Amino acid sequence: MKWWLPLSLVLFLGVALLSLCTGPTLQHGLAIQLAIPHGSTFGLRLARIAAAAIVGASLSLSGVYLQNLLRNPLADPYVLGLSGGASLGVVLWIFVVSMCSQPAHLPVWAVDLLSLGHTIPSFIGAAIAMAACFWLGTSRRSGFMDPVRLILAGVIISTITGACMLLVNSFLPPYQQNHVYFYLFGYISEITPHWLLIGGGGVLGASWMIGLRYSRQLDIASLSDIEAAALGVSMSRLRLINFVLSSLLTAASVAIAGPIGFVGLICPHITRRLLGPSHQRLLLVAPILGASLLIGADFVARLSGVLLNEPIPVGVMTALIGGPLFLYMMRSRTGWR
Amino acid sequence: MTDQTSHKSHIPVRFTNVSFRYHTAPVLHDVNMDFGAGCIHCIVGPNGSGKSTLAGLLIGMLSPQSGDVQINGQSLPTISHHQRSRLVALTPQRILCPFDYSVLEFVRMARHQSWLDMQGVESISGDKVLQQALQTTGVVHLIGRPFNELSAGEQQRVAIARMLAQDTPITVLDEPTSALDIEHQLELVAMVQAIRQKGGCVIWITHDLHMALRTADNIVMLKNGQVVIAGPPEVALADAVLGEVFGVRRGGLQQPQFELYSKTN
């Protein structure tokens, strides 16, 4: 009966193994070789895969929580501007750090501490963007959230944060401008600090467990406030959980890899199509699917980067898959009603 | 009789001086009501008279700015969400299901509390109450279908099945017959009468005066958030009251007329 769980794990391991074992060879220039890497290559690729897995799973889980919170299958941290808010927080942090210090003159621990610091503005940015989205998306007359307003609010928030980031970027020293430019497209790197991966993994694990604990209540919460109340679910508690967890997950993934779009949209959608909307299954499978999808997308991005001799951000890949899917869902009956 | 009135717990639902307003607009003003057990109470009144707000207050989704709502002698804010869902069940006026739950998943939501106790018995056969609720409402054949693909009438019956599956002493129905054909309306009346027979307290919000006259033991007439009259149907739906509240005369609203309809076989 529960065939879907092992199947999704097999998919995940398969994609991870494929990505781990494939890469360019030094001897033959651009040729791509399928072999188990050794030495430092192994460590670097593993770190990259771990980063992709954590970010993919976090975004997918964040999508599940947001969709539940807003009772709308089109909700996604990228579409609603949460990722934009989080990355604006990060870029501002980079700006502040570059203003007040010369990293070269600082001791190593201080540099570490400064780079650790960007997780907090990332969370604050995500939470502010989400609150703004809520506020703007709620009709003042009826007091209800209107899906069209909400998506529009998200688009505008994304546009504003994007403009702010470009503005801040132009004040940065040139050596950092290129880095930020890449970051804004969503880029998974081999040299992601390990503590960041551990932190992101911790946030992911904790949010996952909390979600599974409340899975039945999440099912009920997706109906309406009056039904949730009648069935004994505290909406105020669940809203808070959904709000905090989706902001935290978005913030962690943005801190690791920048704003990567549509993973939170694609994976829950596919899982619902295959296994139905029950949160017990959704919460188990969607994050595994998210991890597999992002490892796969990053794998394609990495290989095409090798072939083009130019790094390609993974966010480009997910947007190319997710954008059309979003439009399709918007048009189709299952999108919103 | 004196024993019943003196002992608070025999009045399952009691509103004491309840006032409620959204932002600034008052919706309910100083409402006092008792809903006894083993009775069908119909709440009627024109659109916007505060009927649905009453339902929101009853299940604790809304809390009154002043006054007190008591369930079984306990003030509502002191009852936990879990406890409350075992005392009061509700069929909402509108059901929006953003995700494609199956009918079985939808009805099983009523049992999520007892499930946790039962450590995950997932088949219907393991759950007598659930089975009973599905059979009573005649939706057993629908359980595999997505809720969103049902007709409005079928959805309403499924919602009623979920309410019955909660197995509570107090049930609230908010306009449950709006999408039901005459046959299923009569079935619903029979279901509600069965709940009354077992000593349940039924609070039925409707604007169908025929239905109210036919089934209610007690009618509460609301207008502009205030109770105009409460009492047995003949009193509450008297010509003078109808004229005052709705601006209509009774005319066609006569007992014999709905006796024309009854289920065949």
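**Exercise 1. Find the residue of strand E4 of chain B that B:Ser19 stands opposite, and then work out how E4(B) is paired with its neighbours.**

Solution. Begin with the single pair: in this predicted model, B:Ser19 stands opposite B:Ser66 in E4(B). A second pair can be added to it, for B:Arg14 stands opposite B:Gln70 in E4(B). Now turn to the strands themselves: strand E1 (residues 13-22) and strand E4 (residues 66-71) of chain B pair in the antiparallel sense, and 5 bridges link them. Then look at the other partner, E5(B), which runs antiparallel to E4(B) and is joined to it by 2 bridges. Here B:Ile71 stands opposite B:Gln74 in E5(B). The hairpin made by E4(B) and E5(B) has 2 residues between the strands, and in this hairpin B:Asn72 takes a positive phi near 50 degrees.

**Exercise 2. Give the order of the 4 strands in the open sheet of chain B, and say which strands are at its edges.**

Solution. The order is E2-E1-E4-E5 in chain B, with antiparallel pairing. To find the edges, look for strands that pair on one side only: these are strand E2 (25-35) and strand E5 (74-75) of chain B. As a general background, strands of a sheet pair through backbone hydrogen bonds, either parallel or antiparallel.

**Exercise 3. Describe how helix H2 of chain B lies on this sheet, and decide whether the helix is mostly covered or mostly open.**

Solution. First, the packing: H2(B) touches E1, E2 and E4 of chain B, and its direction makes about 115 degrees with that of E1(B). Next, the burial, for which a residue needs 20 or more other C-beta atoms within 10 Å of its own. By this count, 7 of the 8 residues of H2(B), which spans residues 51-58, are buried, and the helix is mostly covered. Among the buried residues are B:Leu54, B:Ala55, B:Leu57 and B:Leu58, and B:Lys51 is buried as well. Finally, follow the chain onward: just after H2(B), B:Gly60 takes a positive phi of about 75 degrees.

**Exercise 4. Which residues touch the most other members of the largest nonpolar core, and which parts of the chains supply this core?**

Solution. The core has 161 residues, and those that touch the most other members are A:Val55, B:Leu58, B:Val88 and B:Val107. Helix H2 of chain A (residues 40-70) gives the most to the core, with 15 residues. From chain B, domain 1 and domain 2 each supply at least three residues. Take B:Val88 as an example: leaving aside residues up to four places away in sequence, B:Val88 touches A:Ala230 in chain A and, in chain B, residues including B:Leu58, B:Ile71 and B:Ile170. In general, nonpolar side chains of soluble globular proteins tend to be buried together.

**Exercise 5. State how many residues of chain B are in contact with chain A, and describe the side of chain B that takes part.**

Solution. Start with the count, which is 24 residues of chain B in contact with 22 residues of chain A. Helix H3 (81-85), strand E6 (88-91) and helix H5 (112-118) of chain B each supply at least two residues of this side, and H3(B) gives the most, with 4 residues. Sorted by class, the side of chain B that touches chain A has 13 nonpolar, 8 polar and 3 charged residues.

How values were computed. Residues numbered from 1 in each chain as written. Chains lettered and ligands numbered in written order. Predicted model: local features only at pLDDT ≥ 70, side-chain atom pairs only at ≥ 80, totals over all residues. Contact = placed C-beta atoms within 7 Å. Nonpolar A, V, L, I, M, F, W, Y, C, P; charged D, E, K, R; others polar. Core = buried A, V, L, I, M, F, W, Y, C linked by C-beta atoms within 7 Å. Buried ≥ 20, exposed ≤ 12 C-beta atoms within 10 Å, placed from the backbone. Domains from an automatic or database assignment. Pairing = 2+ DSSP bridges. Axes fitted to C-alpha atoms, helices over the stretch in contact; angles between N-to-C directions.
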